[in-house]
Amino acid sequence: MTPADAQFSRYQDLQRYVGWTDDDARNVRSVAALLDPHLAGLVDDFYAEIEQHPAARKVITGGAEQIARLKGTLLDWLRQLLGGPYDREYVARRWRVGWRHVEIGLDQVYTNVALSRLRRGLLRVVTEAWPGDLRDLLPVRQSLNTLLDLDLAIIEDAYQAEYHARHQRTERMAAIGQVGGGIAHELRNPLNVIKTSVYYLLNAKHPTPAKTAEHLGRIERQVVLADGVITALSNFARMPTPDLKPIPIRRVVEEAVESNPPPAGVVVTHDWPADLPDVLADADQLRIVFANLVRNAREAMGGTGTLTLAGRAAGGGAVVTTVTDTGGGIAPENLGRVMEPLFTTKARGIGLGLALSRAILEKNKGSLRVASTPGQGTTFTVRLTTAEGDRV
């Protein structure tokens, strides 16, 4: 379906919604000739009123020549409104009005009140010029009002669609800039270390085996670090559909601790009931989640503290797992943002770990919450559905 087809289909749906019929179209066309001699005056009034409102007038930058051209366009628009046909071209023209208003920066509220002014003028003129019994005019007025409502709806629809599309493009460009800055920061440091070590290995006259091994080790560590950054970005951008199967959540959490062992000064405690049901999730994806949570807890505590890992059955066929640290906590002003992509309070890091974890859990029919008290610690709560709960 082409955009024009989609717009016309949308318009037809709106027509059905308000009960527009062929009789309405005939009612409007029946007064087209009656109204036509007065349309130029309504157009002049329309643009004279714009002159009184700076916020609306500011989008007219071409002076008298542009106003003359716009008057001609509005006159044609009114004649098409009254005469139809209400086909694809009619709808496309209305759609372009909304699109154009976004392009020139005209607030949609002025379209709403402008159409209200035109409506008032059209109804006044048709009432004054009506040659017969005014009671016979009522269905004509109703049809004209319905048609103007449809015009406003399709213009508003186009305005909102284009406004949001442009807003999303702006946000994407801003995100690309943020990601680019984060990547540059994360990769420049290891690249500088690698460059320094390579320079040493190429230029040292008689490096000892120990020195050579030291620099090769540095290079290897920095390559692993850079690869980790790229992997995190790749995982975030290419989230596969989860393979949901019943799995014991405790095993996944313990594997996460084994792969991210806390320092000797951190005590790890477990609290798992023996009858804890399996959760329905993708084991590989959950390992990423809990690895991120354990790693964050470890970093929050520095070298000392207590990491508590616990699980319990919850109502509604769910299992709740908590990862609690005794670190410095999260400042209240940051608590609502810690799971946003690219938000980080760390000196190193690009802020994708928690955003990735939340995205994974949502795809696995779960959720992630955070609670924190500055100076006391943080608890991340993972809620997942059990295999039995999913069948309820």
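Reader: Before we start, what does "buried" mean here, and how much of the protein chain counts as buried?
Author: Buried means under 20% relative accessible area. This is a predicted model, and its protein chain has 392 residues. The share of them that counts as buried is 38%.

Reader: Okay, which residues have the most contacts inside the largest nonpolar core?
Author: That core has 42 residues. Helices such as α1 (3-18), α5 (63-83) and α7 (108-129) are among those that each supply at least two of its residues. Leaving aside residues up to four places away in sequence, Leu78 touches Leu39, Val43, Leu118 and Leu122. The residues with the most contacts inside the core are Leu78 and Leu122.

Reader: And which helix gives the most to this core?
Author: Several helices chip in at least two residues each, including α2 (22-30), α3 (32-50), α6 (88-104) and α8 (138-203). With eight residues, the top contributor is α8.

Reader: How many residues are in the other core, the one lying apart from it?
Author: Its members include Leu286, Leu354, Leu361 and Phe380. Leu286 also turns up in α11, among the residues that meet α10. The residue count of this other core is 35.

Reader: Are α10 and α11 roughly parallel or oblique to each other?
Author: The axes of α10 (residues 249-259) and α11 (residues 283-301) come within 8 Å and cross at roughly 50 degrees. Angles under 35 degrees would count as roughly parallel, and 65 to 115 as roughly perpendicular. The crossing is right-handed. The two helices are therefore oblique.

Conventions:
Residues numbered from 1 in each chain as written. Predicted model: local features only at pLDDT ≥ 70, side-chain atom pairs only at ≥ 80, totals over all residues. Heavy atoms only, no water. Buried < 20%, exposed > 50% of the residue type's maximum accessible area, 1.4 Å probe, protein only. Core = buried A, V, L, I, M, F, W, Y, C linked by side-chain atoms within 4.5 Å. Helix = DSSP H or I, 4+ residues; strand = E, 2+ residues; numbered from the N terminus. Contact = heavy atoms within 4.5 Å. Axes fitted to C-alpha atoms, helices over the stretch in contact; angles between N-to-C directions. Parallel < 35°, antiparallel > 145°, perpendicular 65-115°, else oblique. Left-handed = near helix turned anticlockwise from the far one by under 90°.
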